[in-house]
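Thanks for sharing this one. Here are a few notes from a read-through, offered in the hope that they help as you look at the model.

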Amino acid sequence: MSAADMKAADPPVAVARVPERSGSQPPAGGQRKRRKAGALLPYLLIAPAFVAIAAVFVWPLIKTILMSFQDVGRRELWTGEAAPWVGFEQFTNILGDGEFWAVVWRTIIFMVACVVATMGIGLGISMLMQRMDTWVRLLLTGALVAAWSMPLLVATSIFRWFADSDYGVLNMVLTKYLGIDAQGHNWFLDPKQGFLIIGAVVVWGAIPFVAVTLYAALTQVPRELEEAAALDGAGVAGVFRFVTWPVIKPVFQMVATLSVLWDFNIFGQIFLIRGNKPEPEYSVLGIYSFEKAFESNSFSQGAAISLITVLLLSGVAVYYLRQLLKIGEVE
């Protein structure tokens, strides 16, 4: 057989055909443009929200930073004149003032007491909600939400009336039912007793959020694990420590961090309950900054105190963000 015959006997080799581009199919460049436009669409949709946040938060923060390095008085504020730059003078004056550090320690002690009371009572209520009948739990949840939604002015007025020296319910209960002569007692003459009333306002307003949030976390604890731990001989404390607490710990830490941020910046409760004129003994950082800015007409000092407060809370804020990231990783 010749070479020509062998070549003719070989099977034909299939040749891949390039599909013809129809007129309706878009070119590859058009597909890339569409993909790029689709990737940018989410950013375009949230752009108005970013603009609003920048207008409400970022720009005032920038103005506050600039004011803290200036000497802004009433004339500069109302006339728009350029305020003189003083550098770090406002910060050195504030940090060198003994009254400022007394206010800082008072704020920290008050914040710790409020956070501990809020988290303890909130956790107790959330655990009780697990053991309630459905209709009782719904009623309690409605009461918590109603207390949470009550305006601050109304809540503060109620507690101020409770502690009134002449017509207060607290003095009446102590005198009539507990045998303690408290008729006419003024709770705000002693700052310790006054902060007890103010702390009750703060804790009462914060408990609903803490209780409802922790109850939602408790519903995620597997019942079979609690029952297995109980069958193995673990008591109530042991079940909570080794089964319940590891599940609710991230949520508890997150809520406690938020409570620290909120209670460190308390202003309205003290300002309202003391008739818009808090005594120096009731001055916390929020009140102190307000008095420096608006009563002493030293707006730059008020801005500097606000920035120092932000720096004091920056570590707590970073911890809160880390907790959010950890929860996201777990989920």
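The points below go through a bent helix, a surface patch and two single residues.

1. A word on the source: this is a predicted model, so please read each point below as a description of that prediction.

2. Helix α11 deserves a look. It covers residues 236–264, 29 residues in total, yet its end C-alpha atoms lie only 34 Å apart. A straight helix would reach 42 Å at 1.5 Å a residue. If you follow α11 along, you will find a kink of about 60° at W245, shortly before the proline P246.

3. On the surface, I53, V56, F57, V58, W59, I62, L66 and W85 make a nonpolar patch of about 830 Å². One of these, W85, sits in the loop between α3 (74–79) and α4 (89–95). W85 has a relative accessible area of 57%, and because that is over 50% it counts as exposed.

4. Helix α4 also holds Q90. Is Q90 buried or exposed? With a relative accessible area of 5%, Q90 is buried, because the cut-off is under 20%. Setting aside residues up to four places away in sequence, Q90 touches S68, Q70, D71, S300, Q301 and A304.

5. L312 belongs to helix α14, residues 299–330. Its relative accessible area is 42%, so L312 is partly exposed. Beyond its neighbours within four places in sequence, L312 is in contact with F264 and L285. L312 and F264 are 48 residues apart in sequence, while their C-alpha atoms are 9.8 Å apart in space. F264 brings us back to α11, which spans residues 236–264.

Definitions and conventions
Residues are numbered from 1 along each chain as its sequence is written. This is a predicted model: local features need pLDDT of at least 70, side-chain atom pairs count only at pLDDT 80 or more; totals for chains, interfaces and linings use all residues. Side-chain values use heavy atoms; hydrogens and water are left out. Helices (H or I, at least four residues) and strands (E, at least two) are DSSP runs, numbered from the N terminus. The expected span of a helix is 1.5 Å times one less than its number of residues. The bend at a residue is the angle between axes fitted to the seven residues ending there and the seven starting there. Patches are made of residues with over 30% relative accessible area and no salt bridge: like charges are joined within 9 Å, nonpolar side chains (Val, Leu, Ile, Met, Phe, Trp, Tyr) within 5 Å. Accessible areas come from the Shrake-Rupley method with a 1.4 Å probe; for residues, only the protein chains shown count as cover. A salt bridge is a side-chain nitrogen of Lys or Arg within 4 Å of a carboxyl oxygen of Asp or Glu. Buried means under 20% relative accessible area, exposed over 50%, partly exposed in between (1.4 Å probe, protein chains only). Contact means heavy atoms within 4.5 Å.
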